[in-house]
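Work through the exercises below with the sequence and the 3D structure open beside you. Try each task before you read its solution.

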Amino acid sequence: MQRAAHTALHDWSRVVGPALIRQCSKCRAPLLLSARAYSVIPPPRDAEEREMLHRVLRVDHAGEYGANRIYAGQMAVLGRSRTGPLIQEMWDQEKKHLAKFNEIMAENRVRPTALLPLWNVAGFVLGASTALLGKEGAMACTVAVEESISEHYNSQIRALMEEDPDRYTELLKVIKEFRDDELEHHDTGLEHDAESLPGFWLLKNAIQLGCKAAIYVSQRV
Ligand SMILES: [Fe+2]
Ligand SMILES: [Fe+2]
């Protein structure tokens with residue numbers, strides 16, 4: 001009875017054709033994934049849109065990659081301290097963000113930035129060196145970076161909304177969700193004494209200058 005009801009619930013999905021259908025893992029009834037033939041970004045209308053979307057994905061992927069390397073650097077120094085689990089928790093979320101962008105990039109054959117090897121080293125060094133200042137140093141770094149990333153996501157959200165909110169619904173959903181996570185990381189940094197680091201504002205401004213430069217070049221190279 002329950003099975004019949006469950007299947008009936010999904011019967012209407014026959015209408016959309018096999019390409020969009022996957023099976024329910026419990027009862028094998030077909031599931032409608034989406035009314036669209038794409039998962040996150042629409043097939044580009046022209047070269048200009050293609051270029052715009054690739055730039056968006058390339059820089060976001062670079063940012064998430066860099067964030068992962070920063071948390072890896074922090075964990076290398078503070079992993080065994082009392083702050084370890086907190087950093088690990090944020091890192092785990094960054095891993096999910098990166099995995100999502102990896103998936104979207106592969107699906108749409110988007111080339112990552114050529115600067116990944118640089119962000120690999122620079123991210124780790126930034127994370128480890130600020131963590132050497134102690135827990136407050138690591139949190140100051142988190143506050144600076146996460147504020148930059150969430151501002152960057154906000155400006156992308158604004159641009160995509162102005163462009164065509166219906167066309168980019170799925171992409172906007174991903175970016176908004178990640179933006180909220182980054183804001184949470186930022187707040188976590190503040191709650192864990194980032195501002196009590198001597199020279200906090202100086203360090204924060206220096207890191208954010210670096211983030212701006214990284215965002216600028218990762219869109220282009
Ligand atoms: Fe992230
Ligand atoms: Fe984050």
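The exercises move from the overall fold to the annotated sites, the core, a helix pair and two loop residues.

The model is predicted, so local features are described where pLDDT is at least 70 and side-chain atom pairs count only at pLDDT 80 or more, while totals for chains, interfaces and linings use all residues. Residues are numbered from 1 along each chain as its sequence is written, and chains are lettered from A and ligands numbered from 1 in the order in which they are written.

**Exercise 1. Describe the overall make-up of the protein.**

Step 1. Begin with the secondary structure, where helices (H or I, at least four residues) and strands (E, at least two) are DSSP runs numbered from the N terminus. The protein has seven helices and two strands, and their order along the sequence is α-β-β-α-α-α-α-α-α.

Step 2. Turn to burial, for which a residue is buried if 20 or more other C-beta atoms lie within 10 Å of its own, exposed if 12 or fewer, and partly exposed in between, with C-beta atoms placed from the backbone. Of the 221 residues in the protein, 33% are buried.

Step 3. Finish with contacts, which join two residues whose C-beta atoms, placed from the backbone, lie within 7 Å. Among contacts between residues at least 6 apart in sequence, 70% join residues at least 24 apart.

**Exercise 2. Find the residues that UniProt annotates as "binding site", and describe the surroundings of E94, E182 and H185.**

Step 1. Read the record, remembering that UniProt positions are given in the numbering used here, that feature names are shortened, and that annotations may be inferred rather than shown by experiment. In an unreviewed entry, UniProt places one "binding site" feature at E64, E94, H97 and E182; these residues are spread over 119 residues of sequence, yet they cluster in space, with a largest C-alpha distance of 10.2 Å. The annotation "binding site", again from an unreviewed entry, also covers E94, E146, E182 and H185, which are spread over 92 residues of sequence but cluster in space, with a largest C-alpha distance of 11.0 Å.

Step 2. Examine E94, which lies in helix α3 (residues 84-107). E94 is buried because 24 other C-beta atoms lie within 10 Å, and, leaving aside neighbours within four places in sequence, E94 is in contact with E64, A67, N68 and Y71.

Step 3. Examine E182, which lies in helix α6 (residues 169-191). E182 has 27 C-beta neighbours inside 10 Å and therefore counts as buried, and its contacts, with neighbours within four places in sequence left aside, are E146, I149, S150 and Y153.

Step 4. Examine H185, also placed in helix α6. H185 is buried, since 24 other C-beta atoms lie within 10 Å, and H185 touches M90, T142 and E146 when residues up to four places away in sequence are not counted.

**Exercise 3. Which residues have the most contacts inside the largest nonpolar core, and which helix gives the most to this core?**

Step 1. Recall that a nonpolar core is a set of buried Ala, Val, Leu, Ile, Met, Phe, Trp, Tyr and Cys residues joined through C-beta atoms within 7 Å. The largest one has 41 residues, and those with the most contacts inside it are I87, A140, C141 and V145.

Step 2. Identify the helices involved: α2 (47-78), α3, α4 (116-131), α5 (135-163), α6 and α7 each supply at least two residues of this core. Helix α2 gives the most, with 12 residues.

Step 3. Look at C141 in detail: not counting residues up to four places away in sequence, C141 touches I70, L126, G127, T130 and I207.

**Exercise 4. How are α2 and α5 oriented relative to each other?**

Step 1. Take the axes, which are lines fitted to C-alpha atoms, for helices over the stretch in contact, with angles from 0 to 180 degrees between N-to-C directions. The axes of α2 and α5 come within 11 Å and cross at roughly 170 degrees.

Step 2. Apply the classes: angles under 35 degrees count as roughly parallel, over 145 as roughly antiparallel, 65 to 115 as roughly perpendicular and the rest as oblique. The helices α2 and α5 are therefore roughly antiparallel to each other.

Step 3. Locate the contact, to which α2 contributes residues including V56, A67 and I70, and α5 residues including C141, V145 and I149.

**Exercise 5. Are R109 and D193 buried, partly exposed or exposed?**

Step 1. R109 sits in the loop between α3 and α4, and R109 is exposed because 7 other C-beta atoms lie within 10 Å.

Step 2. D193 sits in the loop between α6 and α7, and with 14 C-beta neighbours inside 10 Å, D193 counts as partly exposed.
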